[in-house]
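Biologist: Got a minute to go through this one with me? I'd like to start with the packing.

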Amino acid sequence: MSRTETAILAGGCFWGMGDLIRKLPHHLTGPQSENIEFFAREYPKALSRPITYQDIPVGAWRDRLLKHSLPAHLVNHLTTMADLHRAGRDDRMSDDVLTLTGQRPLSVQEFIGKHAATFTPSAQGAV
């Protein structure tokens, strides 16, 4: 999600959508159910280059993140979200982005295409 899209979504809390947001639970997961295998197929398509998905234990990933001096609270949040994702807790669909913003959410390929430079090897850190 771009900064503008994030701001539009977050800004809805303050600019005329507060009542709607307080009344409804929101699941910003998109209009289709997507799992990690889906994303592993979409990235190479969007970037026109091979990308390999490697399933690694969350604990090993956590240790590596901490070695790179990321704040412990951030690492704890990321690993908690990874565990929830692996358990299927985010496997849901919704039209909430459209409802909240009036704009359809980007597809995975559209998002990657808009941010392709972020996914180039030169943009990647050692993490």
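Modeller: Sure, we'll go through the core, one helix and the aromatic pairs. This is a predicted model, where local features need pLDDT of at least 70, side-chain atom pairs count only at pLDDT 80 or more, and totals for chains, interfaces and linings use all residues. Residues are numbered from 1 along each chain as its sequence is written, and side-chain values use heavy atoms, with hydrogens and water left out.

Biologist: Which residues make up the largest nonpolar core?

Modeller: Phe 38, Leu 47, Val 108, Ile 112 and Phe 119. Such a core is a set of buried Ala, Val, Leu, Ile, Met, Phe, Trp, Tyr and Cys residues joined through side-chain atoms within 4.5 Å. Buried means under 20% relative accessible area, exposed over 50%, partly exposed in between (1.4 Å probe, protein chains only).

Biologist: And which elements give two or more residues to this core?

Modeller: Helix H3 (36-47) and helix H7 (108-114). Helices are DSSP runs of H or I with at least four residues, numbered from the N terminus.

Biologist: What's buried in H3?

Modeller: Phe 38, Glu 42 and Leu 47. They sit on the same side of H3, because their arc around the axis is only 130°, taken from the directions from the helix axis to the C-beta atoms.

Biologist: Switching topic: how many aromatic pairs does a search of the whole structure find?

Modeller: Two. Rings of Phe, Tyr and Trp (its six-membered ring) pair if their centres lie within 6.5 Å; planes under 30 degrees apart are stacked, over 60 edge-to-face, the rest tilted. Phe 38 and Phe 39 have ring centres 5.5 Å apart and planes at 80°, so they are edge-to-face.
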